[in-house]
Amino acid sequence: MGITNNDYKSTTSSESDDYDINTLMIHADDALNNRVVNDVAPPINVSTTFRYSKNPDDWIPWKDQTEEEQNKLLNEDFIYSRLSHPNNIRLETNLNNVFKGYTTVYNSGLSAFNGVITYINPKQVFFQDCYHGVKSITRIWERNHGVKVYTNLDDVFEHLKEGDLVHLESPINPYGTVIDVAKYIKFAHSKKAYVVWDATFAPPPTVDPWKYDTDFIMHSLTKYFGGHSDLLAGALITRDSKIDHVLKNDRIYLGTNIGNLEAYLLLRSLRTYEMRFKQQSVNVTNVVNWLTENKHKYESLGLKITHAILQTDSFVKDQLSGDLTTPVFSLYLKDFETCKKFVTNLKFFQHATSLGGVESLVEIRCLTDPHISMNLIRFSIGCEASKDLINDIQQSLEKML
Ligand SMILES: Cc1ncc(COP(=O)(O)O)c(C=O)c1O
């Protein structure tokens, strides 16, 4: 499916199906190249406010404007950067083609979830293993609006009602394992509930959430799209232009549009996304395979690994059907103290939260996630040489024997 009949973005291409993702990420916003200065790298427009037309005949009160006139102001002429600015429009134009859907970009992944829960306005929310920040947002809704929160996805089969929100995360943070999304999505739609799929851990083309007919795709763009640990951003993608319109309008008043500089940085990062992600995917496969083959040597440390390539269920192959996989996995060691020693011994892996950057990270996950075991270390594999990463892990484990 290409983006045709796009009534919100006039610049998306109906030919996007013909091009691979790396070409799209480098060129899908070319139509917005500045016609005054021939710069190849897109400019950073830092202004928060934009001059109105010099012609007083163009000054039409907002309430009297047609939708077309308002869209022109938001997408081409601009008013105020909380509404829209050239960098976020350029970014969304690119991502519309990449995702084959209508993209709304936010100033963080959690702002994207705030956007979708505000749009759906559910009476009940269902999730299970997912990013702890998403769980905390649903608790705010529980506190403020009496929303009923279910923390076991199988509860949908007994309690799901029309208009509820089913939040799926696959692959799951921090395990890097995938869940059988198809059965939940099918059931949710039979009840006229909405499905949001947070696919942050498997950005395109690793999984194709549209294949399973999700209603919304959510991403923390902070991770693989940003790729350099230097920006926060999020996205919601829908195939319904009317919903897209509401999300963008709500975003104005939630105050969650991406900043000008972050939008520029993200666009810059998209140009190298495919190379980075391929390398991270190959690296994680090598590291997880090495750990699996050698774990018997470290039995005394209680080593256990979780990652999608170790799962044997048939839905895993269906979901991760290509060569790519999530660059995140988790390692359990005997106890908290053993985890501390392991992390202290590492040379290349930075001990920090987050994931998706070119530099490999580890995190003793309970330092930020209140719901996780004390002896779990999350790995985010970067773009270094996998042999150097493996050597680093090996020397740290050996020191503890
Ligand atoms: C799976 C997942 N979803 C959402 C988020 C939230 O994203 P952000 O930090 O950009 O708000 C994160 C952050 O780690 C995440 O891992």
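Colleague: Why is Lys223 called buried?

Modeller: Its relative accessible area is 16%, and buried means under 20%, with exposed over 50% and partly exposed in between (1.4 Å probe, protein chains only). Lys223 therefore counts as buried. A word on the background: this is a predicted model, where local features need pLDDT of at least 70, side-chain atom pairs count only at pLDDT 80 or more, and totals for chains, interfaces and linings use all residues. Residues are numbered from 1 along each chain as its sequence is written, and side-chain values use heavy atoms, leaving out hydrogens and water.

Colleague: Thanks! What does UniProt place at Lys223?

Modeller: The unreviewed UniProt entry gives "modified residue: N6-(pyridoxal phosphate)lysine" there. Such positions follow the numbering used here, feature names are shortened, and annotations may be inferred rather than shown by experiment.

Colleague: Which residues does Lys223 touch, not counting those up to four places away in sequence?

Modeller: Thr200, Ser354, Leu355 and Gly356, where contact means heavy atoms within 4.5 Å. Lys223 is also among the residues that come nearest to the ligand, along with Gly109, Asp198, Ser220 and Thr222.

Colleague: What makes the pair between Ser220 and the ligand a polar contact?

Modeller: A polar side-chain atom of Ser220 lies 2.8 Å from an oxygen atom of the ligand. A polar contact is a pair of N or O atoms within 3.5 Å; within protein, one must be able to donate a hydrogen and the other to accept it, and residues adjacent in sequence count only if both atoms are side-chain atoms. The Ser220 pair fits that limit at 2.8 Å. The backbone joins in too: a polar backbone atom of Gly109 is 2.8 Å from a ligand oxygen, and one of Leu110 is 2.9 Å from a ligand oxygen. The protein covers 93% of the 390 Å² of accessible area that the ligand has on its own, by the Shrake-Rupley method with a 1.4 Å probe, where for residues only the protein chains shown count as cover.

Colleague: How do you know that Cys366 forms no disulfide?

Modeller: A disulfide is a pair of cysteine sulfur atoms within 2.5 Å. The closest cysteine sulfur to that of Cys366 is in Cys339, 7.7 Å away, so it is too far for a bond. For Cys130 the closest is in Cys366, at 18 Å, again too far. Searching the whole structure finds zero disulfides.

Colleague: And why is Leu291 called buried?

Modeller: Its relative accessible area is 1%, so Leu291 meets the definition of buried.

Key
Near = heavy atom within 4 Å.
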